[in-house]
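Reader: I am new to this structure and would like to learn how to read it one feature at a time. Could you give me the general idea first and then the case at hand?

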Amino acid sequence: MAGYREALHAAGLTPRARIAGAAPTMPGGYAAAAGLLGDRRHRPTAIVGVCDEAAIGAVIAARRLGIAVPTELSVVGIDDHEHAEMFALTTIGQSPRDQGREAVRLLMRRMSEPDAPVERVEAASALVVRSSTAAPR
């Protein structure tokens, strides 16, 4: 969350960004998006879901409220879940197998060398562009 807030600040979006807590599920994303989208005066132009399931819930909420995705609302998820393509969801792809392998390597290193300096690892991810995003009007 701290990294997300820092990125918003760096992009000059802090004053306009809102964070809606929700369970990382389709129903959680639906409920959070319905709350955000229900206020016509402060309706966002984009939603970033904490995961693809939450983002898909946001797409469903938008459709039920008559809000067109992506012409009126852009939606992005995270994970490249197996259902992301079905909903034409733009998402940030991850590699859980590689992430797990790296986590085990770090754990094994920590167990064998408890006094070694903490190692920070950054994993590459890919933006998978589909059709749930567009430039705001």
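**Reading the sheet, the helix and the core**

Author: Let us start from one residue pair: glycine 93 has alanine 126 in S4 as its bridge partner. Please keep in mind throughout that this is a predicted model.

Reader: What is the sense of the pairing between S3 and strand S4, and over how many bridges does it run?

Author: Strands of a sheet pair through backbone hydrogen bonds, and they may do so either parallel or antiparallel. Here S3 and S4 (residues 126-128) pair in the antiparallel sense, over 3 bridges, and isoleucine 92 stands opposite leucine 127 in S4. S2 and S3, by contrast, run parallel and are joined by 4 bridges, with aspartate 79 standing opposite glycine 93 in S3.

Reader: In what order do the 4 strands of the open sheet stand?

Author: The order is S1-S2-S3-S4, and the pairing is mixed. S1 and S4 stand at the edges with a single partner strand each, so one side of each has no neighbour in the sheet. From one strand to the next, the twist averages 20°.

Reader: Where does H3 lie with respect to the strands?

Author: H3 lies across S1, S2 and S3, and runs at about 160° to S2. The helix covers residues 52-64, and its 13 residues reach 18 Å from the first C-alpha to the last, close to the 18 Å expected at 1.5 Å a residue. After H3 comes glycine 66, whose phi is positive, near 75°.

Reader: What do the buried residues of H3 pack against?

Author: In soluble globular proteins, nonpolar side chains tend to be buried together. The buried residues of H3, among them Ala55, Ile56, Ala58 and Val59, pack against helix H2 (26-37) and the strands S1 (46-48), S2 (74-79) and S3 (90-93).

Reader: Which residues of the largest nonpolar core touch the most other members?

Author: Of its 16 residues, Ala33, Leu37, Ile47, Leu73, Val75 and Leu89 do. H2 and H3 are the elements that give two or more residues to this core, and the largest share, 6 residues, comes from H3. Leaving aside residues up to four places away in sequence, valine 75 touches several residues, including Ile47, Ala55, Ala58, Val59 and Leu89.

Reader: Which elements have the lowest and the highest mean pLDDT?

Author: Where pLDDT is low, the predicted coordinates should not be read in detail. In this protein the average is 92, and 99% of the residues score at least 70; among the elements, helix H1 (residues 2-10) has the lowest mean, 84, and H3 the highest, 97.

Technical notes
Residues numbered from 1 in each chain as written. Predicted model: local features only at pLDDT ≥ 70, side-chain atom pairs only at ≥ 80, totals over all residues. Heavy atoms only, no water. Expected span 1.5 Å × (residues − 1). Buried < 20%, exposed > 50% of the residue type's maximum accessible area, 1.4 Å probe, protein only. Contact = heavy atoms within 4.5 Å. Core = buried A, V, L, I, M, F, W, Y, C linked by side-chain atoms within 4.5 Å. Pairing = 2+ DSSP bridges. pLDDT = per-residue confidence, 0-100. Axes fitted to C-alpha atoms, helices over the stretch in contact; angles between N-to-C directions.
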